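Subject: Structure handover

Hello,

Here is the structure you will be working with. Please open it before you read the notes underneath.

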Amino acid sequence: MSKDLDPASFAGRLLHWWQDNGRHDLPWQIERSPYRVWVSEIMLQQTQVRTVIPYFQRFMDRFPDLQALAESSLDDVLSEWTGLGYYARARNLHAAARRAMSDHGGELPAQPDGLVDLPGIGPSTANAIVAQAWDHRAPILDGNVKRVLSRHAAIEGWPGRSAVEKRLWQEADLRTPRTHAADYTQAIMDLGATLCTARAPGCQACPVRADCLARQADRVADFPGRKPRKERPHRRSLFLVLRNQTDEVLLIQRPPTGIWGGLWCLPEVGSEAEHLPAPDREEIAPIAHEFTHFRLTMEFLHLDARTPDSVRDWPEGRWVRPGQGASMGLPRPIQILLETLDA
């Protein structure tokens, strides 16, 4: 922190800039409610606003309030999440809705401690919900805010380290004003998303550039510190495309945890095709898919199954026509494959 920093001035300049330059018409800012704010904050975790907007609008159409979400099936929730990724968010959202109905009288807790007790809500997300939904003072520290504070206070090191994160929380708390919590929270997120970007930041238009320590030292590109590089492992796995006599495809529901938890997927048989027959139909090209921690190459074996009873290893499977998959919760690569088969 600069000894010359005036926290009230920082917040004031940021709020003044936001009035003319910030985002005021995002869907969750219209008809603002704790429920809509909460869903948006979960969707925005590790996902950009422009990607989230159409998903949010469809989600609100399908689940307009907390009760509707809690009373829905997980399959229904996952089907609306297909393509957005990080599916644990959807599972946690559904579980949290049911907890709020059973333990909190059908309402979201209005305090950070109560929100953090619900699945999928961490400290920064809880504070963002409290600030945006109830206009209560609550410092936040999402990815955009970390970048702004790392540069403005010239905090060395990768924000994922606990010591660095602790300093960032201190800076966030110092700068958060006692009033205008909702506006300030949106303003500092907007600053990181539109000006203080990871690449080619717009420092000349930044409202707090005058006392930005990284800019003063001509070291903006050095902050925040880089995450230590680690090579992501590459995995290969084989999936079966089983077609019955009416041309339906067998899908099975994956376990509730792990990658694609709770989603419907083709049967996965590991990385080897030993003891499996030769494919009965045309070869399907492999699909490469990127996860946060590893890369996956999905290979496919196309087989005929004369009747559903002949597939003994997956008694809980569901036979569906490829064009019907859109109504189910599917991993994006499986959705693409079914669309190809349907075509």
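The notes below cover the cavities, one helix and some features of the backbone.

This is a predicted model, in which local features need pLDDT of at least 70 and side-chain atom pairs count only at pLDDT 80 or more, while totals for chains, interfaces and linings use all residues. Residues are numbered from 1 along each chain as its sequence is written, and side-chain values use heavy atoms, with hydrogens and water left out.

Cavities. A search of the whole structure gives 3 cavities of 30 Å³ or more (a cavity is a set of points on a 1 Å grid over the protein atoms alone, where a 1.4 Å probe fits but cannot get out; lining residues have an atom within 4 Å of a point). The largest has a volume of about 140 Å³, a volume being the space filled by probe spheres set on the points, which are joined across faces, edges and corners. Its lining has 15 residues, with R151, C196, C203, C206 and C212 nearest the centre. Helix α9 (residues 143–152) gives the most to this lining, 3 residues (helices are DSSP runs of H or I, at least four residues; strands are runs of E, at least two).

Helix α13. In this helix (residues 332–342), P333, I334, Q335, L337, L338 and L341 are buried (under 20% relative accessible area, with a 1.4 Å probe and protein chains only; exposed is over 50%, partly exposed in between).

Backbone. A cis peptide bond joins F223 and P224, with omega about -10°. Q46 is not a glycine, yet has a positive phi of about 60°; Q46 is exposed, at 61% relative accessible area.

Regards

Key:
1 Å grid on protein atoms, 1.4 Å probe; cavity = no way out; pocket = protein on both sides within 12 Å on 5 of 7 lines; lining within 4 Å.
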